[in-house]
Structures are given as C-alpha cells and as structure tokens.
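Let's go through this one bench-side, question by question. Have the viewer open and follow along.

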Amino acid sequence: MALDRDAAAAVCDAIDQDRLLGTAVALVDIPSPTRAAAQIADHLGAMLDEGGFEVARVEAGWPDAPAVIARFRTDRPGRTLQFNGHLDTVHLPFVPARVEAGNLYGSGAADMKGGLAAAIEAMRVLRDLRALPAGGVLLTAHDLHEAPWGDGSQVDTLIDEGYIGDGVLLPEYLCDRLPVVGRGLALFETRVTRDGQPVHEVLGGIDQPSVIHAGAELIRQLRAMDQSLAEKTHPLAGRESLFVGQMHSGEIYNQAPTELTLSGTRRWLPGTSFLDVERQFREILYETAHGEGVRIEGGVKLARDAFEISPQDPLVTTFQAAHRHVTEAVLPLGAKPFVDDGNCFVERAGIPAITHGPNALGAHTIEEVVPIAELLRVARVYAVTAMAFCAGDDV
Ligand SMILES: [Zn+2]
C-alpha cells in the first residue's frame, strides 16, 4: 500500500503553527541545564496529560527528573513510531524565548526544544484527525543528554527498560542528509607522571625521567595509530581516527616537571568494537610507559557506539517517502557527523533510528535560533512518516 497522498496532505494542512510555537516557547522558557530538567519534565508531562495523551513518568535511574513517556495508539495492530528528545540544554547563561521575524530564539530553540515541540505537534494532529491507519506513536523525553554534565544514562535506562518503539526519530538539528551510519566516539585522557618533585634542571632535573619526552613518544605512537586507522574507511562515514586535542606540561623553562596531561578523541566505524578500541589504547600506554621510565594512567571513555542501519529498512524508506511528500526533495543518504541518542537505540535495542530536525543554528551557544517554517516542516515530515511506518507501508 503506497502513501495515501490525500490523507497526508490533510495532515500537513492541519499542523497548527500557533499551537506548535506556543509549545516551543513554553519549553524554551523553562531553564533546564543538564541534571536540572525536573521542572520542564513536569510541565511537559502535565501538558501532554491535559492534551489527552496517555502519560507516564519513569525515573529510569534519575529520580531527580523522571522521564516523560506519552503514547497515542490506534486499536489496529501495526508498528509503533517513537519520537525521542532530550529536555536538557548545555550549561550556558539562560536566554528566554523570543519570536522575531519568523524565527524562534532562546536556550534550546535549536538543541532541541524546537524539534521536540514539532514532534509533539505531529502527534496531536495524528490523533485529532484520526490519521494513523494502525499502530501508534510513543514520545520519550529525558534529561542527562549533554556532555560533560550528563552521561546519557537516562536514555540508556529507558531503552533497557523497554520504552522503545519499532523505529525512532530524533529531532536534532540535522536535515541535509538521511543519516544511516555514524561513527562511535570515545574521549581519552591520560596523565604521565614520574617519581619525585619538580626540580631545577642543573640540580638533578636533567637526570630525571622526562615526562615531556615520554609525552612526545606517546604522541608519536598515537600518530602512528591514527595513520593506520586511516585505512579503515566507510563510503559515507569517512575514516576511523585518533585525534590529540590537548597537551600540557611544565612550569618553567629550566625545571623538570613531574606531570604531563594529554587528551583527545577516538572515533570508529561500525564493525569495530569499543572493547578493541580500549585494548589498543591500553597497549600503547603500557609500551610507552615501559620504555620511558614513567607512569602513564588513563584510558578511553565511551560516549556513544558506532551504528549503521540498512537503506532498505522500512523506517528509512517511509521517512524518505514522507520527506519527499512534504518537501518534494529526496534526502541523500549520509553519515551523522556527531553522536547522539540515536546511536544508543540502534546499538542497545537493535531498532532503527533517524536523526532529523530543523535547519537550526547556534547549538551549544547563547545564539540559538530556529526558523518557524522549519518547525512546521519537521512536524509534517514526522506526522507523514508515522502514517506510512505505523501502517506497515514499506514504500
Ligand atoms: Zn541535542
């Protein structure tokens, strides 16, 4: 069964700009830095409850701000499409909502309260018009997303506790491609130390094991590793990498220091396991420390694992059909340049996840802005995707 174009057009027409924008403004106007999303979660839960949705609040390992779960189901068997968003924002000075010249400004407008409001509007219209042929829609909204303040554990717990659909859309600010693959990301931090105190170069400093030479050797080894990782490539996602972003040591030009710190990122492709990533890194630290007479501590910390979904997956094909219906454009398949909660849905639960949101600017700055036209577009694409995906139309 192909997409019912008349029904889809009726749903697109019914997307209500004032209601969508009202929701977005209300969400932006509640400050919610990571680990402090209780108030916004309470507000959202109450709003969806008053709006007639089936709402539950679940702690998912974070009782300070229980996640919001809202459902809307038909009584006909079909797939469940999940909309997932984070309610928290990065820790920057709060900017209240402001609507000006067709744009919404304010904390979280781009990342990702605007997109979440669009998903909510899609759910409302599907229900009001009884437009979902079968199945249902599940909305999940949570805290603890933004690093380094959050660790992603609330969404991980939601997934592990079974608050999942058969496919997920995440309205983060990415819209120029259909991301079917994404690299994994780990951050590394290492500390090179030697015994003793900092000492003047001519008072014995010259005879100490040098943490700076050891650091240089470590960087050389890491560079060699990056060069060999460059051979692991993916046609859409590029190459694996090991990137050194920071290195600090020394206090005075003629003093032998006792410590050097080094940090950066490791990114990998589907097919490489995080356990391998950890093991390779540990081996380099061990060998360098051994050769240089210093101690090297530290390691890699997982942010999100790599993922890949099939271009033939029903979520991909129905999403593409919906996108084309709404915008008349086909999205090229591509890679997700960042990591987000979508990686976790694919890796932890084995369900497909597509990150797609408004063409917004200023994420992780105090200049967040999203065009209202983009919020309407996302609401329409989400609603039409649900119509096809939930019905089982593998267009
Ligand atoms: Zn975000």
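Q: Where in the chain is Ala 60 found?
A: A quick note before the answer: this is a predicted model, in which local features need pLDDT of at least 70, side-chain atom pairs count only at pLDDT 80 or more, and totals for chains, interfaces and linings use all residues. Residues are numbered from 1 along each chain as its sequence is written. Helices (H or I, at least four residues) and strands (E, at least two) are DSSP runs, numbered from the N terminus. With that numbering, Ala 60 is in the loop between strand 1 (54-58) and strand 2 (67-73).

Q: Is Ala 60 buried or exposed?
A: The call rests on counting other C-beta atoms, placed from the backbone, within 10 Å of a residue's own: 20 or more is buried, 12 or fewer is exposed, and in between is partly exposed. Ala 60 has 24 of them within 10 Å, so this residue is buried.

Q: What is the phi of Ala 60?
A: Most residues other than glycine have a negative phi. Ala 60 isn't a glycine, yet its phi is positive, near 50°.

Q: Which loop holds Leu 144, and what is its phi?
A: Leu 144 is buried, because 26 other C-beta atoms lie within 10 Å. Its place is the loop between strand 6 and helix 5. For a residue other than glycine it has a positive phi, near 70°.

Q: Which residue is joined to Pro 148 by a cis peptide bond?
A: Pro 148 sits in the loop between strand 6 and helix 5 (153-160). Most peptide bonds are trans. The bond leading into Pro 148 is cis, with omega near 5°, and it comes from Ala 147.

Q: What is omega for the cis peptide bond between Asp 111 and Met 112?
A: Met 112 is part of helix 4. The bond joining Asp 111 to Met 112 is cis, and omega is about -5°.

Q: How many residues does helix 6 have, and how far does it reach?
A: Helix 6 covers residues 211-229, which makes 19 residues. The expected span is 1.5 Å times one less than the number of residues, and here that comes to 27 Å. From first C-alpha to last, helix 6 reaches close to that, 26 Å.

Q: Why do the buried residues of helix 6 line one face?
A: The buried residues are Val 211, Ala 214, Gly 215, Leu 218, Leu 222 and Leu 229. Looking down the axis of helix 6, and taking directions from the axis to the C-beta atoms, they line one face because they fall within an arc of 100°.

Q: Which residues are exposed on the other side of helix 6?
A: The buried residues pack against several elements, among them strand 9 (184-193), strand 13 (241-249) and helix 7 (274-292); here a contact means C-beta atoms, placed from the backbone, within 7 Å. On the other side of helix 6, the exposed ones are Arg 220, Arg 223, Ala 224, Gln 227 and Ser 228.

Q: At what angle do helix 6 and helix 7 pack, and how far apart are their axes?
A: Two packed helices are described by the angle between their axes and the distance between the axes. Axes are lines fitted to C-alpha atoms, for helices over the stretch in contact, and angles run from 0 to 180 degrees between N-to-C directions. For helix 6 and helix 7 the values are about 145° and 10 Å.

Q: Which residues of helix 7 make the contact with helix 6?
A: Helix 6 brings His 213, Ala 214, Glu 217, Leu 218, Gln 221, Leu 222 and Met 225. From helix 7 come Ile 284, Thr 288, Gly 291 and Glu 292.

Q: Which residues does Gly 102 touch, not counting residues up to four places away in sequence?
A: Gly 102 lies in the loop between strand 4 (98-100) and strand 5 (103-105). This glycine counts as exposed because it has 9 C-beta neighbours inside 10 Å. With residues up to four places away left out, Gly 102 touches Pro 371, Ile 372 and Ala 373.

Q: How far apart in space are Arg 130 and Arg 194, C-alpha to C-alpha?
A: Arg 130 is in the loop between helix 4 (109-128) and strand 6 (136-142). In sequence, Arg 130 and Arg 194 are 64 residues apart. In space, C-alpha to C-alpha, the separation is 69 Å.

Technical notes: Contact = placed C-beta atoms within 7 Å.
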